[in-house]
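Let's go looking for the empty spaces in a protein. Here is the structure to explore.

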Amino acid sequence: MIKLYGVPRSRSLRVSWTLEELGLDWQYHYINFSKGDSRSPGFLAVNPGGKVPALVDDELVVTESAAIVMHLAEKYGKRKLLPEPGSDASALHHKWVSFIITELEQPLWTIGKHKFALPEELRQESMFPVAKWEFDKAAAIAENWLPESDFLLGDELSVADILLAHTLAWATRFEQTIPPKLAVYRDRLAKRPAMAKALEKEMAGAE
């Protein structure tokens, strides 16, 4: 049984969404940070960093959301969610994944760290306009790159789509301005049944 450790709507939603798109059986383990779950010996044995998401797949433990969803697609996808290795589409996919994780997401995590993740004495409100500037710059690039097709690689959903749609939803929750084409894209992917089912399972697990 695949086990996912996470927090609703955090990066773990990328993983639960992927699991549902692939039709896999999985268990959700809610990590309540306010109750110290992330510092418990049991969870630190899974992820010494004390962060979510973390995935246990038989004997394998995988952390880092992009690595987890890539692992799931490669192992269980049966040519779903990923393009043919070595193809031009695969190179484009790698570009999107790298850009989303390193450029588009990082300003949002800066906001998150200075809102709630860092110890209070280390939080700096002066970081918020810097992060907004960085996000706006990255979002403008993504808006320009976004194709006219339903998905980033054409007519089929990919791992990169899951990462991008979740990142845009996260940006919306952090009250960032989303360019118009990206906003339409975000809203369309948010309607996917697998995403709704994944969020429902996460929310139920946190009750």
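What follows is a short tour of two pockets in this model, which is predicted.

Start with the largest pocket, which holds about 880 Å³ of space. Its lining is made up of 30 residues, and if you head for the centre, the closest ones you'll meet are Ser10, Arg11, Val52, Trp109 and Phe116. Three helices each give two or more residues to this lining: H3 (65-76), H4 (88-117) and H6 (159-173). H4 gives the most, with six residues.

So where does this pocket sit? Domain 1 (2-81 + 194-205) and domain 2 (88-191) both give residues to the lining of the largest pocket, so the pocket lies between the two domains.

Now for the second largest pocket, with a volume of about 240 Å³. Here 14 residues form the lining, and Arg79, Leu81, Leu82, Glu156 and Leu157 are the ones nearest the centre. Both domains turn up again: domain 1 (2-81 + 194-205) and domain 2 (88-191) each supply at least three residues to the lining of the second largest pocket.

What kinds of residues line each pocket? Here's how they split by class.

| Pocket | Nonpolar | Polar | Charged |
|---|---|---|---|
| Largest pocket | 15 residues | eight residues | seven residues |
| Second largest pocket | six residues | two residues | six residues |

To find your way around in the viewer, try Trp109 and Phe116 for the largest pocket, as both are among the residues closest to its centre. For the second largest pocket, try Arg79 and Glu156, which are among those nearest its centre.

Terms used. Residues are numbered from 1 along each chain as its sequence is written. This is a predicted model: local features need pLDDT of at least 70, side-chain atom pairs count only at pLDDT 80 or more; totals for chains, interfaces and linings use all residues. Side-chain values use heavy atoms; hydrogens and water are left out. On a 1 Å grid over the protein atoms alone, a cavity is a set of points where a 1.4 Å probe fits but cannot get out, and a pocket is an open set with protein on both sides within 12 Å along at least five of seven lines; lining residues have an atom within 4 Å of a point. Grid points are joined across faces, edges and corners, and a volume is the space filled by probe spheres set on the points. Helices (H or I, at least four residues) and strands (E, at least two) are DSSP runs, numbered from the N terminus. Ala, Val, Leu, Ile, Met, Phe, Trp, Tyr, Cys and Pro count as nonpolar, Asp, Glu, Lys and Arg as charged, and the others, Gly among them, as polar. Domain bounds come from an automatic or database domain assignment.
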